[in-house]
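Q: I am new to this structure and would like to learn how to read it. Where should a reader begin?

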Amino acid sequence: MNINIKKSLKMVAGIFLAAGSMIISSCTAEPDDSNLYTFTGETIEDFITNNESDFSNFNYILKRAGYDRILSSYGTYSCFLPTNDAVIAYVQELYNDEDAILPHHGMPAVADPNNVPLDNLTDSLCRTIAMYHVAGIVYRVADISDGSSNAVVTPLSGPQITASVVDGSVLLNDKAMITYSSDNDGTDLVNGIVHVVSSVIPRATKLVTTDLIKDGRFNRFAEALRRTGLDQMMEKTKKEASKEDLPTITPGEDGAASYWVTPEPSDIKFTIFAETDEVFEAQGITDLNSLVRHAAEWYGKAATGNSRGENEGWYDWYRNNGVEIDTRLESEGGDYTKENHVLNMFVRYHILSFGVDRNALPNDYCVYDKSGWTGDSFDYYETLLPKTLMKMWYVNRFQNATIKKYYINRYVENNTLTDGVGEAVETVGSDGMHALRFTGVEVDVENVLRSMNGFIYPIKDILIYNSTVPNGVLNERLRFDVLSLLGETMSSGFRGIYCQDMVSRSGNSSVGRIRFPVDYFDNVVVYNGNKTKLDMNLLANPGSNSFLLYKGDSFQGKGVYDLAIKLPPVPDGLYELRVAATNFGNRGSMLQFYLGEGSSDLNAMRPIDIPIDLRMATDVGSDARLAATGYVPCNDPTNYPDDYADRGIESDKVMRAHSYMRDGLSIVKESDGSNSKPSSMNARYVAYQLRRILLKDEFKQKDYWLRMKTVLPKYEDKKFQLDYIELVPQSVYDGRGVYREDLY
């Protein structure tokens, strides 16, 4: 069948958004259907073969990679199908890529660089291209763009593909236009769907540092990165396999077909938040020397004095360790490559040692957005500036104003406190107590650069670790999603994806969790090998019920578990350490917590609290263990009218006396996976979602390790679930003598 691609463009030349969904229509009133694709029981591979005059080059790649057999078999696939001309153009582009890590991306040299034959592709390149254009589930056009923000496609291998609508056309990774979709005429192929694309979908092939330099908007920051030598540490792309002799784990072990075991070590990725030259110039920074002089003003007194103050000594880690900060220019003897130099400090605070794609930035999945809550979501990330955090805040609305932007280190006074009383206790409090002290550094999420080993986000203001961060931004209830403490979940693209996305990667139609090798995470230590199982619970698919979890996913595992996780570094102070305690089904277990100061070594661990028994029923009237926590329903006006009337405030006090708390009111079950909140199930109102207060203690800005060990070794099917950890400064849990910690 000889297809005229230009004529088939008419089928998708007009793409319009209506009521939040995408409608594909012709650009003419009566489309010319004389050359449209027709289907008579074909597989995707049949379709490609039957239209060889248009797609023989991609079919060659499929055959070299062995994926022609996949697309000939039963299953459910999406194939993003580039034309012959598109494939040839891409091969030329790869061969002539001056920034390729391997010359010509490993292809052998040819006499004419403008005429590279198709068979010059290596087997590895064929496999990479093939797997990046095939997904293991059906993505229709309406699925891959919601008309308001970038959607994602998860291919069989490689980073997620973004889909966006530009001038009525669907673009993949901002370049490959969908020119035809087989679902347009309502007839699918027998094993999936085909989208014809105008070009090979561009896949990042350059290092994040190369893209930073090549972009042209970040010249000042790129020069600072290079002069500090931090660019050299960002050249790796893959962790080495562990040299430890650990038992092999296989998919489906323990009879659990829903597990997918990661086949290899995590990718190494980085995230850079970079000021554009325009932002620097607005502050009078036009060259490296002027940046150093400003950095001296910003950081010169960060470690002076004997205590943390507003104008000096706010960087506890350096101050406590007697670090002397170097403010000199290089011409004056300053060494920009040293961690204690102000330029090095400035650059380090812009970099994360893991890759955070846009879909993994604080999402609002399972976040309440009605009643007194704003619908905001946030995360805290550890930066390369030793022992420091930044706060990433998705601001949905503030004091009745809709915002919907991402900010770093936004500072709202008395955040996580409330002055609400009576019914108003279920609010964040009056506007007057929540003055906006610093808007925050806005992140341009629409223009993120995706590199082979990381992401670059333009930012719209100068980013600094100044006194406002420890004294204000981080002086709130700090709720850390445990998966955000495990950067590998983001670098490997697991964070913020649905079960169906992992189906695409794994080829397992029932996969809903990932199982990790015990040495997969830098911030997790396992003490007993594969007796401990480390898992990640993924987001429930759109259209299905979610788990009642903070942000919808969680770190969990089972077995005879004995592991420790590194806590995030917080500013010096007295804190309450809390953990989410789930006693739901086989997640209920009995475990002992330990705290290790400065080390994960077993000898450094001291037990904290008594063993916690989470094998509780959800009915307070039938389980003495649940009753002993002080819990009573506070949303049942018939049986518990007093607790309903005061919104559970008095019973909250009783629970705190027993070292328990209800879960946060901002966490809600997604009733149908479409963010149509609130549902009838809120975490505050269920007995199986509690918080355990482990201890009150002085914490310094350094490493601590939280160990959790089962005390029921014969029950190998019992799970631990570590959804989130809270570190709450005294100024919050005692309400600063005026307010009350909010319920969210």
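A: Begin with what a contact is: two residues are in contact when heavy atoms lie within 4.5 Å. The model is a predicted one. In it, Thr-710 touches Gly-559, Val-560, Tyr-561, Ser-589, Met-590 and Leu-591, leaving out residues up to four places away in sequence.

Q: In which strand is Thr-710 found, and is Thr-710 buried or exposed?

A: A residue counts as buried when its relative accessible area is under 20%. Thr-710 has a value of 7%, so the residue is buried. Its place is in strand β33, residues 704–710. A polar atom of the Thr-710 side chain also lies 3.0 Å from the backbone nitrogen of Leu-712.

Q: Which residues does Asn-84 contact?

A: Leaving aside neighbours within four places in sequence, Asn-84 is in contact with Glu-52, Ser-53, Asp-54, Phe-55, Ser-56, Asn-57 and Phe-58. Asn-84 is found in helix α5, which covers residues 84–95. At 13% relative accessibility, Asn-84 counts as buried.

Q: How many helices and strands are in the protein chain, and what percentage of its residues is buried?

A: The chain has 20 helices and 36 strands. Of its 744 residues, 58% are buried. Among contacts with a separation of 6 or more, 71% are between residues 24 or more positions apart.

Q: How are the buried residues of a single helix read, for instance in α19?

A: List them, then look down the axis. In α19, residues 649–657, the buried residues are Ile-649, Ser-651, Asp-652 and Met-655. Viewed down the axis, the buried residues of α19 fall within an arc of 155 degrees, so they line one face of the helix. Lys-653 and Ala-657, on the other side of α19, are exposed.

Q: What do the buried residues of α19 pack against, and which residue follows α19?

A: They pack against helix α18 (641–645) and against the strands β31 (660–662), β32 (689–699) and β36 (740–741). α19 is followed by Ser-659, which has a positive phi, near 65 degrees.

Q: How is a pair of aromatic rings described?

A: The description uses the distance of the centres and the angle of the planes. A search of the whole structure finds 23 aromatic pairs. In the pair of Phe-516 and Tyr-520, the ring centres are 4.9 Å apart and the planes stand at 40 degrees, so the pair is tilted. Phe-516 is buried, at 1% relative accessible area, and Tyr-520 is buried at 5%. Both belong to one aromatic cluster, together with Phe-494, Phe-521, Phe-555, Tyr-561 and Phe-720.

Q: Which residues lie over the faces of Tyr-550 and Tyr-527?

A: Arg-479 lies over the face of Tyr-550, at 5.6 Å from the ring centre. Arg-707 lies over the face of Tyr-527, at 5.3 Å from the ring centre.

Q: How do the strands of a sheet pair?

A: They pair through backbone hydrogen bonds, in a parallel or an antiparallel sense. One open sheet here has 4 strands in the order β12-β11-β21-β20, and its pairing is mixed. β12 (351–352) and β20 (449–451) stand at the edges with a single partner strand each, so one side of each has no neighbour in the sheet. β11 (residues 270–275) and β21 (residues 454–459) pair in the parallel sense over 6 bridges. Phe-273 has Tyr-457 in β21 as its bridge partner.

Note on methods: Residues are numbered from 1 along each chain as its sequence is written. This is a predicted model: local features need pLDDT of at least 70, side-chain atom pairs count only at pLDDT 80 or more; totals for chains, interfaces and linings use all residues. Side-chain values use heavy atoms; hydrogens and water are left out. Buried means under 20% relative accessible area, exposed over 50%, partly exposed in between (1.4 Å probe, protein chains only). Helices (H or I, at least four residues) and strands (E, at least two) are DSSP runs, numbered from the N terminus. The arc is that of the directions from the helix axis to the C-beta atoms. Rings of Phe, Tyr and Trp (its six-membered ring) pair if their centres lie within 6.5 Å; planes under 30 degrees apart count as stacked, over 60 as edge-to-face and the rest as tilted. A charge sits over a ring if NZ of Lys or CZ of Arg is within 6 Å of the ring centre and within 35 degrees of the ring normal. A polar contact is a pair of N or O atoms within 3.5 Å; within protein, one must be able to donate a hydrogen and the other to accept it, and residues adjacent in sequence count only if both atoms are side-chain atoms. Two strands pair if DSSP finds at least two bridges between them.
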